[in-house]
Amino acid sequence: MIAPDEEQSVRDWQRFQHDVVVAADSLGFILDGISRIHKNPDAPIGGSKLRGFPMLTGEEFLDRTRPYGPMMQTVFKGWFAEINDLWESEYHPRLSPAMEADADFMRLELDVLADFRHICNNLLRGGIAKEGEAGSCALLRWFKPSDPMRMYFWHVLDFLNQMGWLKEDAVVIQNEPQHPKASRWHIERGSEPERPVPRLVSVRPLIDLEADDPIYRYGVGVAFENGVFGNIPFGFEDAIDPSTPLHHQIRQWQAMRISDQGDLVIPGVAAVSAEDLYRGCLAGPRSGVGPWSSSVHLEGQES
């Protein structure tokens, strides 16, 4: 006779086995989708190409494949784990000497990566945001403590924007003289702005107090849910009391956030509609300090 606690242990072990088989089934369909791009019979086997395959009961396929459902969450976990491992195992050791020599080198990016590490750890270890970790991030403010961690592509866009990696100018890596590598983002600008405007999902304060043109001293990096992005300058100094000390100006600008209505808010200064920001991004990049989109004037004081 099996004791009650042994029965529970057996059930838990069976659940673990079942969850692993479901995950393997999901992986098979993902691999099959990738293989179909090449139409190559020798490509990695998976999904419908398998002759021996799982038969699942009580696991509706359409439910697992729904947008941002279980199958997509498996992919997101893999992406977060891959990026975190690239940083921790490969690039952080390479860049450590430069960071030790210059305290300002990658200072802001390191803060973002620290948040990313907390999110990755909680995502892969239970999927619940913890106090002091994913539930308390300073820059990637995606979750509150005890929140279930369901991932969406806008999380990826916000991470890239906070890192300053959403840009249209190419990053070229001379890996080999004959085979250079390059990456860039591209925005389709050939059509009118969507209505309603896609959701604003990321704002990043930009400050360059040494810029010759005052309009380029304060700006914001924004990203929208459909992948449109831009670095937009503001005449911030014209919207505030000139007697405000500089450190207060900087603090005000860094306190920007997305309002409950989905617009950009600079507390105590002004609000800018997501539609104006979106049109600014679609207007195209312009010359300035970095790849700037069209400027947007601050209008309407925000209390």
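The following questions and answers concern a predicted model.

Me: Is strand S5 largely enclosed by the rest of the structure or open to its surroundings, and how many of its residues are buried?
Reply: A residue counts as buried under 20% relative accessible area. On one side of S5, Phe229, Asn231 and Pro233 are buried, and on the other side so are Gly230, Ile232 and Phe234. Both faces are thus covered. Strand S5, residues 229-234, is therefore largely enclosed by the rest of the structure, the number of buried residues being six of the six.

Me: Which residue of strand S5 stands opposite alanine 223?
Reply: Strand S4, residues 218-224, runs antiparallel to S5 and is joined to S5 by six bridges. Opposite alanine 223 in this pairing stands phenylalanine 229.

Me: Which residue in the hairpin of S4 and S5 takes a positive phi, and near what value?
Reply: Four residues lie between the two strands of this hairpin. The positive phi belongs to glycine 227, with a value near 95°.

Me: Are helices H3 and H5 roughly parallel or roughly antiparallel?
Reply: Helix H3 (residues 70-101) and helix H5 (residues 153-162) have axes 11 Å apart and pack at an angle of about 20°. Angles under 35 degrees count as roughly parallel. The relation of H3 to H5 is therefore roughly parallel.

Me: What is the character of the residues in the contact of H3 with H5: nonpolar, polar or charged?
Reply: H3 passes H5 in a left-handed crossing. H3 contributes Phe76, Trp79 and Ile83 to the contact, and H5 contributes Phe153, Val156 and Phe159. With no polar and no charged residues among them, the six residues of the contact are nonpolar.

Me: Which residues are joined by a cis peptide bond, and what is omega?
Reply: Most peptide bonds are trans. The loop between strand S2 (181-183) and strand S3 (200-207) contains proline 196. The cis bond joins arginine 195 to proline 196, with omega about 0°.

Me: Is tyrosine 68 buried, partly exposed or exposed?
Reply: Tyrosine 68 lies in the loop between helix H2 (61-64) and H3. Although not a glycine, tyrosine 68 has a positive phi of about 60°. Its relative accessibility is 28%, so tyrosine 68 counts as partly exposed.

Me: Is serine 146 buried or exposed, and what is its relative accessible area?
Reply: Serine 146 is located in the loop between helix H4 (107-124) and H5. Its phi is positive, near 80°, in a residue other than glycine. Exposed means over 50% relative accessible area. Serine 146 is therefore exposed, at 57%.

Note on methods. Residues are numbered from 1 along each chain as its sequence is written. This is a predicted model: local features need pLDDT of at least 70, side-chain atom pairs count only at pLDDT 80 or more; totals for chains, interfaces and linings use all residues. Side-chain values use heavy atoms; hydrogens and water are left out. Buried means under 20% relative accessible area, exposed over 50%, partly exposed in between (1.4 Å probe, protein chains only). Two strands pair if DSSP finds at least two bridges between them. Axes are lines fitted to C-alpha atoms, for helices over the stretch in contact, and angles run from 0 to 180 degrees between N-to-C directions. Angles under 35 degrees count as roughly parallel, over 145 as roughly antiparallel, 65 to 115 as roughly perpendicular and the rest as oblique. A crossing is left-handed if the near helix is turned anticlockwise from the far one by less than a right angle, and right-handed if clockwise. Contact means heavy atoms within 4.5 Å. Ala, Val, Leu, Ile, Met, Phe, Trp, Tyr, Cys and Pro count as nonpolar, Asp, Glu, Lys and Arg as charged, and the others, Gly among them, as polar.
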